[in-house]
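Subject: Handing over the model

Hi,

Here is the structure I promised to pass on to you. Please open it alongside this email.

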Amino acid sequence: MRFGVCAGSEKAREIKEAGFDYIELPLNKVGTVSDDEWKRMKEEVESVSLPVEAFSLLLPKTMKIIGPEYNEKEMLTYLDTAFSRMLETDGRVVSFGSGKSRFIPSGISYKEGWSELVAVTKTIVGKAKEYGVEIAIETLNRNETNLINFLTEGAALSSLTGASLLVDVFHLMKENEPFENIVLCAPFAHAHIAERTGRLYPVEKNEDVISFFSALKKSGYDKRLSIEGKTSDFLSDGPKALKVLKETYMEVYNG
């Protein structure tokens, strides 16, 4: 398994020096900056020979895809830019979290919101296929959105739209969803990790980390795992977390 970090390009050197395999860039920034700024971002990661193997944050926070504010032309124009820039890197998978974008607004029922999300996701997946890009549905806890909060819901959306699925253990734990659902909802295109409390870097081996790796092994997943969390001291926490992830992986997968 390869280990990376969700971060902006300005963190590339620190991520490389900490020993991670790749960086996961935010697509909602990559797809909206100027050509010159995108060139600068690429140069930051290329200068330290750090691959961009995945992308987070499919849509800009202000882009609504459910309700009267949805603008399909605007979304497709954005996706053309974002996906074409993805092709300039090694990354071909992007997480579809974007909780603010897929939030069901007041006045729209859950059934209506679900139907609209299915239709829009099909449109996004269709555009992604034109570029050879994989869309990975990311379930988010209810503090971040009111639609697709459990892996089981994400699996249903995936099966209806042709999208893939991402497992983020932080959101799973926040919703008290059983780890068994990781096996139930496999396969996965990508995975994220952070601590249950505070969404911090996993700098210590604990039962949550061990259980997550055990479930990933049972599900047959062995691709990439990105830290999508918070730290006030990456120079200290980055190497510690990477050590925890590597050691746990070796113990669980080779045990």
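Below are my notes on the overall fold, the empty spaces and a few residues.

Before you start, please keep in mind that this is a predicted model, in which local features need pLDDT of at least 70 and side-chain atom pairs count only at pLDDT 80 or more, while totals for chains, interfaces and linings use all residues. Residues are numbered from 1 along each chain as its sequence is written, and side-chain values use heavy atoms, with hydrogens and water left out.

**Overall fold**

The protein has 10 helices and 8 strands (DSSP runs numbered from the N terminus, with H or I and at least four residues for helices, E and at least two for strands). Its radius of gyration is 18 Å, close to the 18 Å that the globule rule gives for 255 residues, so the protein is as compact as a globular protein of that length. That radius is taken over C-alpha atoms, and the rule is 2.2 Å times the number of residues to the power 0.38. The C-alpha trace spans about 50 × 45 × 30 Å along its principal axes.

Of the 255 residues, 55% count as buried (under 20% relative accessible area; exposed is over 50%, partly exposed in between, with a 1.4 Å probe and protein chains only). About 11,100 Å² is exposed, and carbon and sulfur atoms supply 50% of that; the areas come from the Shrake-Rupley method with a 1.4 Å probe, and for residues only the protein chains shown count as cover. Among contacts between residues at least 6 apart in sequence, 77% join residues at least 24 apart, where contact means heavy atoms within 4.5 Å.

**Pockets and the cavity**

I expect you will want the terms here. On a 1 Å grid over the protein atoms alone, a cavity is a set of points where a 1.4 Å probe fits but cannot get out, a pocket is an open set with protein on both sides within 12 Å along at least five of seven lines, and lining residues have an atom within 4 Å of a point. Points are joined across faces, edges and corners, and a volume is the space filled by probe spheres set on them.

The largest pocket has a volume of about 340 Å³. It is lined by 17 residues, and Leu57, Lys61, Ser98, Gly99 and Glu144 lie nearest its centre. This lining divides into 3 nonpolar, 8 polar and 6 charged residues (Ala, Val, Leu, Ile, Met, Phe, Trp, Tyr, Cys and Pro count as nonpolar, Asp, Glu, Lys and Arg as charged, and the others, Gly among them, as polar).

The second largest pocket holds about 160 Å³ of space. Its lining has 2 nonpolar, 2 polar and 5 charged residues, including Lys174, Arg196, Arg199 and Glu228.

There is 1 cavity of 30 Å³ or more, with about 40 Å³ of space in it. Its lining has 6 nonpolar, 1 polar and 3 charged residues, and α7 (169–174) and α9 (207–219) each supply at least two of them. Arg196 is one of the residues lining this cavity, and Arg196 also lines the second largest pocket.

**Residues to look at**

Which way does phi point at Arg199, a residue of the second pocket's lining? Arg199 has a positive phi of about 55° although it is not a glycine. Arg199 sits in the loop between β7 and α9 and counts as buried, at 14% relative accessibility. Asn176 also has a positive phi of about 55°, but Asn176 is in the loop between α7 and α8 and counts as exposed at 64%.

A cis peptide bond joins Ala186 and Pro187, with omega about 10°; Pro187 is in the loop between α8 (180–185) and β7 (190–193). For background, most residues other than glycine have a negative phi, and most peptide bonds are trans.

Thr145, in the loop between β5 (134–138) and α6 (151–161), is buried at 0% relative accessibility. Beyond its neighbours within four places in sequence, Thr145 is in contact with Gly99, Arg102, Phe103 and Leu140; Gly99 is among the residues nearest the centre of the largest pocket.

Ile124 in helix α5 (residues 110–131) is buried too, at 0%. Leaving out residues up to four places away in sequence, Ile124 touches Leu58, Met75, Leu79, Phe83, Phe96 and Ile135.

Best wishes
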